[in-house]
Amino acid sequence: MTATTSKRSWPVPGIQKLHFPAPSFIWERRGVMENFTYIIKLTTQCNLGCTYCYHFATCSSQHKDISFDSGALAYFLRQIAAISHNRVVLIWHGGEPLLVSREMFEVAIETQKLRSDLKWQNLLQTNATLVNEEWATLLGKMSFDVGVSIDAPQSIHDAQRVYPSGGGSFDDTVRGIRLLREAGLNPGALVTVTRGSFSLARTTYECLLSLGFDHFDFLPCLNFGDTTLPEGISMREFTSFLLEIFRIWAEQDNPDIHIRKLEDALLGVFGGKPAGCRYRNTCWQYLTVLPSGDVYPCDKFVGKTEFLYGNVFTDGLARVLKSSGRKNFTAFLRNSLEACRTCELFQLCKGGCPARRTLVDDYCEAQKHLFTSLQRHYRTLLEGRH
Ligand code: SF4
Ligand code: SF4
């Protein structure tokens, strides 16, 4: 990937001569196309009971677990096929999505063939404990992008990502990762950073590398709104963790290692276009679809009735996209950004994630700390060259 970097001019004068883990992906991603991303909650069930899982702690005891069935899924995908042009991104999510049958995924791929002119991208987020040879072969044949939820190191994972019986799931997750690789896939890792792990940046980073990951991302276990978890951390603590990861990443200077959150933040710093939703102001492009057919914006807003877009089975997707719930959400995005417009970091941060910005007390302070720290790092590098 870096081999082509030298052929391109770098947007910051003089910086193309520096050695740091950013240039190639920034240019790779400048051409990211606009499109809808559908987060499909295939099932609300999960075979794990992670200690920090809000759903497991509260909802599962109050709500019936439900899953898509293959007829409903095909019906929904046909609606997507009918209204889409260009490119469609489907994120297969749960609960644990591999709790549904393999036939469901075969139906999904068959339905996508109805519009072979579209570029369909399928991403699966799984805990990988249920991956066996049959699943791995199927996902490999379908060329799914797979993200594995895994915490690190093993002691942290086994304390947090547990079966309902209390047993740790690390060995099963690692076995699933191995099978996915044997099927020709290159899964990424999604690590939840908690009170137990936020001070273990180096250990976490080294563990991910020793497990063979070359792309990963971190998710904070945040306390926000009325949600408080013993494992919860503040945004400021998460940012300190992320900056420590950045220092290790920059120090090792291996351009083949990709860290989504840091790359997205650096894309802002260097004038590129982040691939993820943060720092892009494009939350309106995301739709979360529950097994009931109800549609919300990004899954961070599921349950907020003012942002319920409608139901794909009773209203149909075309009407859902024109609903008053969607207009409410667009107005919320616009209005909640007012205070950010005068911020000197707005061009980089773009208000960040509105769900977090409006619910997490220290979100803005942490964003400022992240961006100014990254700017300072590269300014120092540049000054050292002159
Ligand atoms: S609300 Fe946050 S997580 Fe959801 S799409 Fe927007 S930026 Fe992304
Ligand atoms: S740093 Fe804070 S005020 Fe500035 S754009 Fe980001 S969230 Fe808004």
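1. Strand 3, residues 119-126, runs parallel to strand 4, residues 145-149, and four bridges hold the two together in this predicted model. If you would like one pair to look for on screen, find L124, whose bridge partner in strand 4 is V146.

2. Where do these two strands sit in the order of the sheet? The sheet is open and has ten strands, in the order 7-6-5-4-3-2-1-8-9-10, so strand 3 has strand 4 on one side and strand 2 on the other. The pairing across the sheet is mixed. Strand 7 (258-259) and strand 10 (310-311) are at the edges; each has a single partner strand, so one side of each has no neighbour in the sheet. As you look along any of the strands, it may help to remember that in a regular strand the side chains alternate between the two faces of the sheet.

3. Strand 1 is a good next stop. With strand 2 (residues 87-93), strand 1 (residues 36-41) pairs in the parallel sense over six bridges. Here I39 has I91 of strand 2 as its bridge partner. Towards strand 8 (residues 286-289), strand 1 again runs parallel, this time joined by four bridges. T37 can serve as your marker there: its bridge partner in strand 8 is Y286.

4. Y286 is worth keeping in view, as this residue also belongs to the surroundings of ligand 1. Which other residues are around ligand 1? They are C277, R278, C283, C298, K300, C353, P354 and A355. By class, the shell around ligand 1 contains seven nonpolar residues and two charged ones, with no polar residue.

5. Ligand 2 has its own set of residues: C340, C343, L345, F346, C349, G351, G352, R357, C364, Q367 and K368. Two elements, helix 13 (346-349) and helix 15 (363-385), each supply two or more residues to this shell. Which helix gives the most to the shell around ligand 2? Helix 15 does, with three residues. The shell around ligand 2 divides into six nonpolar, three polar and two charged residues.

6. Now for the helices. Helix 3 (residues 70-83) and helix 4 (residues 102-112) have axes that come within 9 Å of each other and cross at roughly 25 degrees. Are they roughly parallel or oblique? That angle makes helix 3 roughly parallel to helix 4. The crossing is right-handed. From helix 3, the contact uses S70, L73, A74, L77, R78 and A81, while helix 4 brings E103, M104, V107, A108, T111 and Q112. Sorted by class, the residues of this contact are seven nonpolar, three polar and two charged.

7. A second helix pair makes a nice companion to that one. The axes of helix 8 (residues 201-210) and helix 9 (residues 235-252) also come within 9 Å, and they cross at roughly 55 degrees. Helix 8 and helix 9 are therefore oblique to each other. Their crossing is right-handed. In the contact, A201, R202 and Y205 of helix 8 meet F241, E244, I245 and I248 of helix 9. Five of these contact residues are nonpolar and two are charged, with no polar residue.

8. Some backbone details deserve a closer look, starting with two cis peptide bonds. One joins G94 and G95, with omega about 15 degrees. G95 is in the loop between strand 2 and helix 4. The other runs from A152 to P153, with omega near -5 degrees. P153 is found in the loop between strand 4 and helix 6 (154-160).

9. Finally, have a look at N86. What is unusual enough to note about its phi? Phi of N86 is near 85 degrees, which is a positive value in a residue other than glycine. N86 is located in the loop between helix 3 and strand 2.

Methods
Residues are numbered from 1 along each chain as its sequence is written. Chains are lettered from A and ligands numbered from 1 in the order in which they are written. This is a predicted model: local features need pLDDT of at least 70, side-chain atom pairs count only at pLDDT 80 or more; totals for chains, interfaces and linings use all residues. A residue is near a molecule or strand if its C-beta atom, placed from the backbone, lies within 6 Å of it. Ala, Val, Leu, Ile, Met, Phe, Trp, Tyr, Cys and Pro count as nonpolar, Asp, Glu, Lys and Arg as charged, and the others, Gly among them, as polar. Axes are lines fitted to C-alpha atoms, for helices over the stretch in contact, and angles run from 0 to 180 degrees between N-to-C directions. Angles under 35 degrees count as roughly parallel, over 145 as roughly antiparallel, 65 to 115 as roughly perpendicular and the rest as oblique. A crossing is left-handed if the near helix is turned anticlockwise from the far one by less than a right angle, and right-handed if clockwise. Two residues are in contact if their C-beta atoms, placed from the backbone, lie within 7 Å. Two strands pair if DSSP finds at least two bridges between them.
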